[in-house]
Amino acid sequence: MLAASAALAGLAPTLTTWVLANPVAATNAGVITADVAAQIANGAVTPVTVAESMGGKVGAAGAKAVETSAATMTAGLDSSLARIAQDGHALERHGGLITNEQLFNRALTGVGPDGSSVVRNGQILIPSSATAFNSNALLAQADELIRQNYLDRAIALSKPGAQSVVIEGAEMGIVVGRGFDRVLPVAGSVGPPQFNDGLSRVTAVYSYDASVKYWRTTTIYPVK
Amino acid sequence: MYEYIHHVLANYLTINVEYSEEEAISVLRKDLKNSITLSGELKAELETAFADKNFSWKDTFNEYDVFFAKSEEEANTYARKVLWDSVIRVI
């Protein structure tokens with residue numbers, strides 16, 4: 001953790017802030033390693049730890065710059081999460097606060113963390129995987145990365161007139177989530193679902209809202 | 001073939017998009033109203049598919065994780081109810 005914080009402290013304050021807010025993109029850009037990104041994702045490296053490392057090297061002004069930028073970063077994250085919560089059901093079903101027990105239950109019964117279930121012709125169906133992000137920040141970053149790198153292309157390649165696109169298995173470059181594979185697609189199956197705690201790919205569904213001319217995040221979740 | 005049917009199953013009715021049946025129907029209706037291309041192409045494909053003895057709704061629903069029918073008849077009935085009666089007929 002100390003080494004990772006020190007590594008970030010060596011960057012310019014504005015770049016440090018960007019890295020802390022976007023560890024996935026920063027890894028893909030080669031600014032930090034996947035290991036450092038993982039430490040940011042799991043909360044071991046924070047603006048405070050970086051500021052502490054920076055304080056000894058560049059003085060109070062540098063540390064203050066990161067702290068100030070951290071406040072801006074938090075406000076940006078809050079704004080993204082508020083928008084995602086309004087767009088669809090990603091946060092309540094795949095957010096960082098979802099427990100492994102809730103995911104296990106969904107993989108076995110089809111009942112989601114928010115109590116929802118998908119019924120078709122009387123059958124409660126179980127999704128191919130029941131997964132969640134390791135943090136809400138990672139969920140927001142994954143959404144941003146897909147919007148920046150995949151969404152426009154998916155829209156361009158979709159059927160004429162399409163109002164919804166699915167982007168499957170986009171690689172994030174670091175571990176972003178965990179979850180269980182289902183045993184069978186309908187409830188009542190026998191045997192424990194398989195747990196994966198190293199999910200680095202993400203599937204997302206975007207739906208076009210013609211009233212505001214904007215593609216909303218219907219859902220986004222980690223996949224194997 | 002039947003690309004718009006596949007599109008609708010993959011984007012609205014599959015379990016992996018996580019819409020309830022009511023949500024899926026409601027969102028699809030709204031989107032079809034917003035896109036003449038989407039509604040026209042889907043309607044044409046459904047008319048063809050319902051008359052196509054070689055098209056398996058059971059297999060297609062299975063492929064897209066929509067619904068696991070016990071028979072072709074059950075799957076066909078569900079397709080008519082959800083896609084035609086609840087969507088195409090009322091938009």
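These are my notebook entries on how two chains meet and on one small sheet in chain A.

**Entry 1: the contact**
I began by noting that the model is predicted. Then I looked up who takes part where the chains touch: chain A brings 31 residues and chain B brings 28 residues. Together they bury about 2400 Å², and carbon and sulfur atoms give 49% of that area. Which three residues supply the most of what chain A buries against chain B? I found A:Arg120, A:Asn121 and A:Lys159, with 28%.

**Entry 2: polar links**
Next I checked for charged partners and found 3 salt bridges between chain A and chain B. I looked at one of them, where B:Glu18 meets A:Arg106 with the closest N and O atoms 3.0 Å apart. I also noted 18 residue pairs in polar contact across the interface. On the side of chain A that touches chain B, I saw several elements supplying at least two residues each, including helix H6 (90-94), strand E4 (164-171) and strand E8 (214-223). I sorted that side by class: 15 nonpolar, 11 polar and 5 charged residues.

**Entry 3: a sheet in chain A**
Now for a friendly little sheet. I traced 3 strands of chain A in the order E3-E5-E6, forming an open, antiparallel sheet. The edges are strand E3 (129-133) and strand E6 (195-199), each pairing on one side only. On average, neighbouring strands are turned by 20° against each other, direction ignored. I followed strand E5 (residues 177-181) and found 3 bridges to E6(A), with A:Gly179 standing opposite A:Asn196. Last, I spotted helix H7 (residues 100-109) of chain A lying across E3, E5 and E6, at about 30° to E5(A).

Notes. Residues numbered from 1 in each chain as written. Chains lettered and ligands numbered in written order. Predicted model: local features only at pLDDT ≥ 70, side-chain atom pairs only at ≥ 80, totals over all residues. Heavy atoms only, no water. Contact = heavy atoms within 4.5 Å. Buried area = accessible area lost by both parts, 1.4 Å probe. Salt bridge = Lys/Arg side-chain N within 4 Å of Asp/Glu carboxyl O. Polar contact = N/O pair within 3.5 Å; in protein donor to acceptor, adjacent residues only side chain to side chain. Helix = DSSP H or I, 4+ residues; strand = E, 2+ residues; numbered from the N terminus. Nonpolar A, V, L, I, M, F, W, Y, C, P; charged D, E, K, R; others polar. Pairing = 2+ DSSP bridges. Axes fitted to C-alpha atoms, helices over the stretch in contact; angles between N-to-C directions.
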